[in-house]
Each structure stands twice: as structure tokens, then as C-alpha cells.
Amino acid sequence: MKIARIDVFPLRLPMSQSFTISNGAVGEAGIGAPHVYVRITADNGVCGWGEARPSPRWSYETLQTVTTTIERYLRPALIGMEAKDWKTLHGVMNREIRPGPGSGQPIAKAAIDMALHDLIGAAERRTLAELWYSAPKPELKLSYLISTPSPEEAARKAAYAAANGYEAVDVKLGLDPKRDLAIVEAVKSKAPDLFFRADANQAYNLPQAVKLAKQMERIGVDVFEQPLSANQLHGHAELRRKTSLPIALDESVWTPGDLMQAIRAEACDTVVIKVTKMGGLAGAKRCGELARDAGLDLLGGGLTESRLGLTASGWLFQHLDIAYPADLNGPLFLSDDPVETGPVIKEGHVQLPAAPGIGCVISMQKIEQYAARDV
């Protein structure tokens, strides 16, 4: 089964509310969110879909670079290759776009990898779980994301999560560091029994992180995610020595090599698995299994992907037996996407589709409707 065609669709998906992290907005209600859908068609007519979700506030990849990387470099190199030869395909992508300090345009490569998994599953009439020789577990739990500089609004959102069946909250910190402690206290007061994931997105230096971690220990936060800059592995290790609060790494870990460095530095207790940052399902699966073997805990996350990326990530998180509700928050912020049929999402619960591959059917009418015209 050879790769016959690769189509790239840059999109701006409508948002019901803006989404901001400590580095700035990653999507705005009036502008939309950048997404890139990729369709790979084999010479037997079977096709598979993948998604990239770039944001310059989170990494160096943008809507434009993902689109041109796939169109000008990855597509010409992959056409005609055997679709099932994942190892060679990833080797070719890494030859065309060389790894630097990271894996080299991993978000663009993730869309290709995801589409290949979907294609092979569709061709073999198997779900992703069955491709990985694991029992399908279609029930997935989601955490509720709280991203606001207002303690009052944070309290309202936490109360909503507690009243509507969520079992975890993911609270963004660093939007206004002077109010972070008040936000943490407000959330804990309204959702005292929910798993509490405090995500700083690299907002602090070491003294600030130590001070806040000790305060969050007292309040009852469960995990402190990426408090320091991504390259501060030794800083994270020092923070671990100064607090009993588990430390999770996200932006620090993009590749298995990054993970090995974090393990050697004793920089974390937990690793955040994200399909799009880790170059796709294959890379994320490898990182998750390696972290498990090293005795680390796992959290599942995303980059506000649409329901296509959410579904692919959900299958992987179930395969990796990630116990905590996943931070797959795209449906919380997106008001629509091109998925015609796919997962059934009801507040904090997701029913993953039983169809082959990732399991989503894509609407070409919606692809055209949300096409980004300025790429």
C-alpha cells in the first residue's frame, strides 16, 4: 500500500472563548485558532486524516510553517513510499527536516504520523487500540481547564466543574503571578475533591517556584506542571528537592532523548504526554512507555486540538493506562470543527468512536468553510 497523495488544509477554527497561557493567547474568539488538517491517500483509494495544532505562543511552529513544511518538504519525500513502513517514513521526515535541539518541526510531522495511523487502521479495519494489540477502552475522562487572571472567575469555573461531573481541574498559572495563590485558593475552595493540576507553562524562576510550591503543598494541589523554563532540568531537580509536591514536565520533553535527559537529571516525577508535540502517535507512545519503565507517572494533554486530535490522543492515553483525566480541552474552546462523526463528548466524559483507525469522519464542506485564506 503506497502513499499516492498528501493534501494539506490550513484552517482557522472558530472559538467560543479565547484561550491564554502565561506566554499569551494561543487562540482568540474573534480570530479563531490555527489548525492544519492532513489527508493521506493510498494507491488503493483508502485515506487517513491527521491534525496539527501550531501556536507560536507555545512553540516555534506556526500555521504557515506547518503548511509549507508539509507541502514543500515532507510531501515530495513521502509520495510513493510504503504506508506501513513507519520506521522508514519517520527516518525520511527527519532527513528532510533535521532534528535540532528538538525533533525538527514535530507538530508538522505529527499530522503526517496521525494520518498514517488512521490510514492503516482504515485499510485493515482495525481501531488504533487494535493496531497496538490492546483491548479497546472507549471511555475517556477529561479534566476541566481554568485559564483566567481573576480569582472570582476561577472560583465560578471550579464550581461548575465540580457540579458537572468533572473529576479534575487543570488551572493555568502565570497569567498574573501576583494573583496565582489567590486563584489556587479559590479553585480549591470550590472543588476540594477534584484532582488539581497547576500548570505554569514556564512562568517562574526557581525562587518563585519554590515559594509557590510550598504554598500549594499546604492548599492541597496534586501536581505542579512545568514551573520553570523548558531547558532548566537542573532547576526542576532542585525544586523537587525543596518540595514534596510532584513536578511534571511538559515543554521540557518533546522526544525520547529529552525524556532520558530528564530522567538522568531526576528533574520530574511525572511526564506530560502530548501527541502533537512528540511528533505524532508513534513518538508519544514511545515516550509514554519509556517513562513508565523509568517509574515516572503520566499525564495526558493536548494543544486545544479539534475532535480529530482529541480522539487520536484519547486512544493513546487509554493504551498507556493514564489514570488521571486528560487535559484535552479543544471542545471547551472551539465552537465547531470539521469532524462530521466521531467522539461523543458530554462534559467530562468522552465516548471514543468504534470505527477503524482514529474513527472520525471529516466533512469536506467544513474544511472549505474554515479554510485559512491568508497562508
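Here is a short conversation about reading a predicted model of one protein chain.

Visitor: I'm new here. What am I looking at, and how many helices and strands does the chain have?

Guide: Start with the origin: this is a predicted model. The chain has 13 helices alongside 17 strands.

Visitor: How do I judge the overall form? What radius of gyration would a compact globule of 375 residues have?

Guide: You set the chain's value beside the one expected for a globule with that number of residues. For 375 residues the expectation is near 21 Å, and the chain has 20 Å, so the two agree. If you prefer a box, the C-alpha trace spans about 60 × 40 × 40 Å along its principal axes.

Visitor: And how many of the residues, as a percentage, count as buried?

Guide: Of the 375 residues, 58% count as buried. Looking at the outside instead, the chain exposes about 14,400 Å². Carbon and sulfur atoms supply 49% of that area.

Visitor: Where do the charges come in? How many positive and negative side chains are there?

Guide: There are 41 positive and 44 negative side chains. You can also ask where each set is centred: the two centres lie 2 Å apart.

Visitor: Now the inside, please. Which residues have the most contacts within the largest nonpolar core?

Guide: That core has 54 residues, and the ones with the most contacts inside it are Tyr-37, Val-271, Ile-273, Leu-281, Leu-308, Leu-316 and Ile-362. To see where the core comes from, look at the elements that give it two or more residues, including β1 (3-13), β4 (33-42), α9 (256-265), β12 (270-273) and α10 (281-293). Helix α11 (307-319) is on that list too, and α11 gives the most, with 6 residues. Apart from this core lies another, of 31 residues, with Ile-3, Val-66, Leu-89 and Leu-116 among them.

Visitor: Can we zoom in on one core residue? Which residues is Ile-362 in contact with, leaving aside its neighbours within four places in sequence?

Guide: Ile-362 is in contact with Tyr-37, Trp-49, Leu-308, Pro-338, Val-339, Glu-340 and Ile-367. For the chain as a whole, take the contacts between residues at least 6 apart in sequence: 73% of them join residues at least 24 apart.

Visitor: Let me try a residue in a helix. Is Ala-154 buried or exposed?

Guide: You read that from relative accessibility, where under 20% means buried. Ala-154 is at 0%, so it counts as buried. Its place is in helix α5 (residues 151-163). Beyond its sequence neighbours within four places, Ala-154 is in contact with Ile-146, Thr-148, Ile-183 and Val-187. Asn-205 is 51 residues from Ala-154 in sequence and 24 Å from it in space, C-alpha to C-alpha.

Visitor: What about pairs with a greater gap in the numbering? How far apart in space are Ala-355 and Ala-122?

Guide: They are 233 residues apart in sequence and 8.3 Å apart in space, C-alpha to C-alpha. Ala-355 sits in the loop between β16 (349-351) and β17 (361-362). Its relative accessibility is 33%, so Ala-355 counts as partly exposed.

Visitor: Ala-122 rings a bell. Which residues does Val-46 touch, not counting those up to four places away in sequence?

Guide: Ala-122 is one of them; the others are Ile-40, Thr-41, Leu-119 and Ala-123. Val-46 lies in the loop between β4 and β5 (47-52), and it is partly exposed because its relative accessible area is 23%.

Visitor: I've heard that backbone angles are worth checking. What is phi for Gln-105?

Guide: A positive phi in a residue other than glycine is the thing to look for here. Gln-105 has a positive phi of about 50 degrees. This residue is in the loop between α2 (86-96) and α3, and at 14% relative accessible area it counts as buried. Glu-266 also has a positive phi, near 55 degrees. Glu-266 lies in the loop between α9 and β12, and with 53% relative accessibility it counts as exposed.

Visitor: Which loop holds Asp-269?

Guide: Asp-269 is in the loop between α9 and β12. At 25% relative accessibility, Asp-269 counts as partly exposed. Its contacts beyond four places in sequence include Arg-240, Pro-246 and Leu-296.

How values were computed: Residues numbered from 1 in each chain as written. Predicted model: local features only at pLDDT ≥ 70, side-chain atom pairs only at ≥ 80, totals over all residues. Heavy atoms only, no water. Core = buried A, V, L, I, M, F, W, Y, C linked by side-chain atoms within 4.5 Å. Buried < 20%, exposed > 50% of the residue type's maximum accessible area, 1.4 Å probe, protein only. Helix = DSSP H or I, 4+ residues; strand = E, 2+ residues; numbered from the N terminus. Contact = heavy atoms within 4.5 Å. Rg over C-alpha atoms; globule rule 2.2 N^0.38 Å. Areas by Shrake-Rupley, 256 points an atom, 1.4 Å probe, with all protein chains shown as cover. Lys, Arg positive; Asp, Glu negative; His and termini not counted. Charge placed at Lys NZ, Arg CZ, Asp CG, Glu CD.
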